[in-house]
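Biologist: Please take a close look at one single part of this model and explain, for a first-year student, how that part is built and what surrounds it.

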Amino acid sequence: MGRPSWTGILGVAFAALLLAGCQATAGQGGGAAVQMARDSQAAAPRLAPAQRRAQVQPHIYLIRGLANVFSRGMDDLAAKLVQRGYVATVHEHGEGSAIAGAILRDQRASGGRAQAVIIGHSLGANVVADIANALAAQGGSVALAVAFDPTVERQITGGARRFVNFYQANNGWGMAVTASPRFRGRLENIDLSRSGELSHFNIEKDPRLHAQVIGWVAQAIGPGHRRPARVAAGSGQVATR
């Protein structure tokens, strides 16, 4: 028997880590959104200095998955968005409460005019659903929420005018999202099981899906309104040229 390859060992280790993260978030269930709502009330987030200069300008939050290193398609999508004039920042999945708090703060400060979009992959996709539910509990909402292959079941109670979920029912990770009777938005589950070239680990990097999302962003919040910006990767900040 040959010696195991490092690629195989790393793959098994990664799968074990992701499974542990999925089990932890699954155990939280609806309690994650409740706790996030509480945290967002208490938090004084400082995620977007640019927002303080123009509170009515839409903000797009992109959320990575496990260990903040395996969802780099979020960075690529953010770069495409800022090149089109949007304010887009990239965050790790543990920042859900701060993101919800920032959205609520800006909507309240602007009399409800400030709009936001939330997009996430894997554990970050789980957090997208939790943010939407946390916003619903406090009278906030986003114009668009997009999940790339969430790893646990989530039911949406509100907080998003449109919620789109890209997932694969056959890849061992992806889950559909359901809507509660209270949800009054538009929920779309798009099963990409027949897209053989896609998997849980590259679904958020697909340029065709990026193009769809960019189109939906324009429909939800209009075109970008500022010069192209550069994303400071991983910092949750956008710097104007």
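Modeller: The account below begins with how the model is to be read and then turns to one helix and its surroundings.

This is a predicted model, in which local features need a pLDDT of at least 70 and side-chain atom pairs count only at pLDDT 80 or more, while totals for chains, interfaces and linings use all residues. Residues are numbered from 1 along each chain as its sequence is written, and side-chain values use heavy atoms, with hydrogens and water left out.

The chain contains seven helices and ten strands; helices (H or I, at least four residues) and strands (E, at least two) are DSSP runs, numbered from the N terminus. Of its 241 residues, 51% are buried, where buried means under 20% relative accessible area, exposed over 50%, and partly exposed in between (1.4 Å probe, protein chains only).

The part chosen is helix H7, made up of residues 207-221. The expected span of a helix is 1.5 Å times one less than its number of residues. For the 15 residues of H7 this gives 21 Å, and the end C-alpha atoms are 21 Å apart, which agrees. Just after H7, glycine 222 has a positive phi of about 85°.

Which residues of H7 are buried? They are Leu209, His210, Val213, Ile214, Trp216, Val217 and Ile221. Viewed down the axis of H7, these buried residues fall within an arc of 165°, so they line one face of the helix; the arc is that of the directions from the helix axis to the C-beta atoms. The general background is that an α-helix has 3.6 residues a turn, so residues three or four places apart point the same way.

The buried residues of H7 pack against strand E1 (59-63), helix H4 (73-83), strand E3 (116-121), strand E4 (144-148), strand E6 (162-167) and strand E8 (186-191). H7 also takes part in the largest nonpolar core, which has 27 residues. A nonpolar core is a set of buried Ala, Val, Leu, Ile, Met, Phe, Trp, Tyr and Cys residues joined through side-chain atoms within 4.5 Å. At least two residues of this core come from each of E1, H4, strand E2 (87-91), E3, E4, E6 and H7. The largest share, six residues, is supplied by H7.

Ile60 and Ile119 have the most contacts inside this core. Contact means heavy atoms within 4.5 Å. Leaving aside neighbours within four places in sequence, isoleucine 60 touches residues including Val217, Ile221 and Ile119. Apart from this core lies another, of 24 residues, among them Val128, Ile131, Leu135 and Val177.

A word on confidence is also needed. pLDDT is the predictor's confidence in each residue, from 0 to 100. The chain averages a pLDDT of 83, and 71% of the residues score at least 70. Among the elements of the chain, E4 has the highest mean pLDDT (99) and strand E10 (residues 237-240) the lowest (36). Over residues 237-241 the pLDDT stays under 50. Where pLDDT is low, the predicted coordinates should not be read in detail.
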